[in-house]
Amino acid sequence: MRRMIPYSVDITGNFVYSPQLIEARKQVQEGLLNAAQLLEIENKEIQHIVDTCKQIGLKCVTDGDYRSNGYTDFFHHLQNISKHETEPNDTSEENDKSVICGKIDFDNHFLSTPPVTEHFTYLTGIIGGDMYAKALLPSPMTLLAELIRPENRLNTGRYYPDIEVLSHDIAQTYQKVIREFYNMGCRFLQFSDYTWNLTGGCDIQQISEANNTDLASLSTVLARLTELCLNDKPDDMCISLQFDEKWWNTRDREKIAEVLLSTQANAIAFDFGNRENENIDFSILKHCQSKDVILGLVSTSSSQPISTSTITHHIENAARLLPLESLHLSCQGNFRNLSGNSSISEQEMWNKIATMKNIAKTVWGE
């Protein structure tokens with residue numbers, strides 16, 4: 001098979017906020033820094049990410065999602081999607097929920113949209129050399145789940161009484177997003193799954209129950225939506241889908257895996273949960289023939305050092321089901337949660353990434 005991802009260590013989630021960025025965000029809330037000053041600090045900290053990734057020897061870099069407060073930030077840059085209106089001083093997760101007021105769309109000339117693309121343009125402008133810039137965006141599945149969650153169903157139904165029409169417009173919106181990022185030079189784009197970890201504690205299981213359907217049937221709708229989004233994907237652009245491990249712990253695991261993993265996506269990123277030192281069932285990989293597979297094996301929440309031999313053993317087991325050259329190593333998704341908090345320090349995160357690179361040298365010789 002043709003290897004779409006030309007590097008063996010991938011970054012599939014956000015990074016721990018640096019102490020400098022944590023302090024800057026705190027000062028913004030206290031009115032001591034303005035948006036322009038925060039942007040300057042963000043730029044400096046993203047440059048630090050790039051420099052550190054270069055030192056470690058990574059070939060692909062993201063901006064650590066340092067400009068984002070959560071997956072809903074991207075949705076609020078789309079046309080006719082805005083934050084749920086609450087009291088001005090309400091900083092709870094409820095204030096991050098998204099509501100629509102018209103037809104969903106994406107237009108880079110729309111007033112609130114440019115920051116989405118400007119963030120990626122900044123990253124590409126500072127990487128240099130032979131590094132690749134990767135963009136991380138919430139998946140179209142997550143947007144659909146957000147809009148049909150129990151507390152949003154009534155409002156969404158005013159504009160989209162039919163879920164098929166809603167899916168069609170989400171797909172057209174994401175097709176435009178893909179094309180816009182491609183035109184900016186993006187060749188590695190990841191759609192991350194937050195359907196099991198929506199703001200306010202809601203998840204896809206609750207959504208399926210509220211919509212009077214079972215999870216397997218809803219997963220078919222989500223897979224069809226994803227496929228529509230990828231219909232016009234450029235051939236030389238690698239799009240990966242990152243999935244939460246909870247998808248594979250459900251009663252209909254095999255049926256769900258068969259539909260969710262069968263789309264035109266070039267790569268699948270798996271989060272295998274916080275089980276570095278446990279046996280892992282890799283049978284799910286049989287649904288990923290002819291795709292690149294990113295193994296999320298390294299814990300993002302444990303401060304314990306990585307066991308090189310254990311991770312290598314996991315990779316060897318996965319290679320019994322798929323060619324080794326189609327496999328890649330990563331962490332288990334995000335290093336920080338929806339509230340911006342992390343279980344490990346910034347330095348511990350970098351130590352883990354450096355160890356992943358060393359493991360890759362042993363396994364893949366790079």
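This is a tour of selected helices and loop residues in a predicted model.

**Stop 1: helices H1 and H2**

Select H1, residues 19-29, and H2, residues 35-56. The two axes cross at roughly 170° and come within 10 Å. H1 and H2 are therefore roughly antiparallel to each other, because an angle over 145 degrees counts as such. To see the contact, show the side chains of Gln 20, Leu 21, Ala 24, Arg 25 and Val 28 in H1, which meet Leu 38, Ile 41, Glu 42 and Glu 45 in H2. Sorted by class, this contact has five nonpolar, three charged and one polar residue.

**Stop 2: from H2 to H12**

Keep H2 selected and add helix H12, residues 346-364. Here the axes cross at roughly 35° and come within 10 Å. The crossing of H2 past H12 is right-handed. On the H2 side, the residues in contact are His 48, Ile 49, Thr 52, Cys 53 and Ile 56. On the H12 side, they are Glu 346, Trp 350, Ile 353, Ala 354 and Lys 357. Six of the contact residues are nonpolar, two polar and two charged.

**Stop 3: H12 along its length**

Now show H12 alone and check its length. Its 19 residues should span 27 Å at 1.5 Å a residue, and the end C-alpha atoms are 27 Å apart, which agrees. Next, colour the buried residues of H12: Glu 346, Met 349, Trp 350, Lys 352, Ile 353, Met 356, Lys 357, Ile 359, Ala 360, Val 363 and Trp 364. An α-helix has 3.6 residues a turn, so residues three or four places apart point the same way. What do the buried residues of H12 pack against? Bring back H1 and H2, then add strand E8 (292-298), helix H11 (308-318) and strand E9 (327-331); these are the elements they pack against. Just after H12 comes Gly 365, with a positive phi near 75°.

**Stop 4: two loop residues with positive phi**

Go to Asp 65, in the loop between strand E1 (60-61) and helix H3 (72-75). Asp 65 is not a glycine, yet its phi is positive, about 60°. Then select Ser 290, in the loop that runs between strand E7 (267-271) and E8. Ser 290 is another residue other than glycine with a positive phi, near 70°. Is Ser 290 buried or exposed? Its relative accessible area is 64%, so Ser 290 is exposed.

**Stop 5: helices H5 and H9**

Select H5, residues 140-148, and H9, residues 215-229. Their axes lie 9 Å apart and the helices pack at an angle of about 130°, which makes H5 oblique to H9. H5 passes H9 in a right-handed crossing. From H5, the contact takes in Pro 140, Met 141 and Leu 144; from H9, Val 221, Leu 222, Leu 225, Thr 226 and Cys 229. By class, seven of these residues are nonpolar, one is polar and none is charged.

**Stop 6: Ile 204**

Finish at Ile 204, in helix H8 (residues 204-210). Ile 204 is buried, with a relative accessible area of 1%. Which residues is Ile 204 in contact with, leaving aside its neighbours within four places in sequence? Show Ala 145, Thr 195, Trp 196, Leu 215, Leu 218, Leu 222 and Trp 247. For one of them, Leu 215, draw a distance between C-alpha atoms: Ile 204 and Leu 215 are eleven residues apart along the chain and separated by 7.8 Å.

Technical notes: Residues are numbered from 1 along each chain as its sequence is written. This is a predicted model: local features need pLDDT of at least 70, side-chain atom pairs count only at pLDDT 80 or more; totals for chains, interfaces and linings use all residues. Side-chain values use heavy atoms; hydrogens and water are left out. Axes are lines fitted to C-alpha atoms, for helices over the stretch in contact, and angles run from 0 to 180 degrees between N-to-C directions. Helices (H or I, at least four residues) and strands (E, at least two) are DSSP runs, numbered from the N terminus. Angles under 35 degrees count as roughly parallel, over 145 as roughly antiparallel, 65 to 115 as roughly perpendicular and the rest as oblique. A crossing is left-handed if the near helix is turned anticlockwise from the far one by less than a right angle, and right-handed if clockwise. Contact means heavy atoms within 4.5 Å. Ala, Val, Leu, Ile, Met, Phe, Trp, Tyr, Cys and Pro count as nonpolar, Asp, Glu, Lys and Arg as charged, and the others, Gly among them, as polar. The expected span of a helix is 1.5 Å times one less than its number of residues. Buried means under 20% relative accessible area, exposed over 50%, partly exposed in between (1.4 Å probe, protein chains only).
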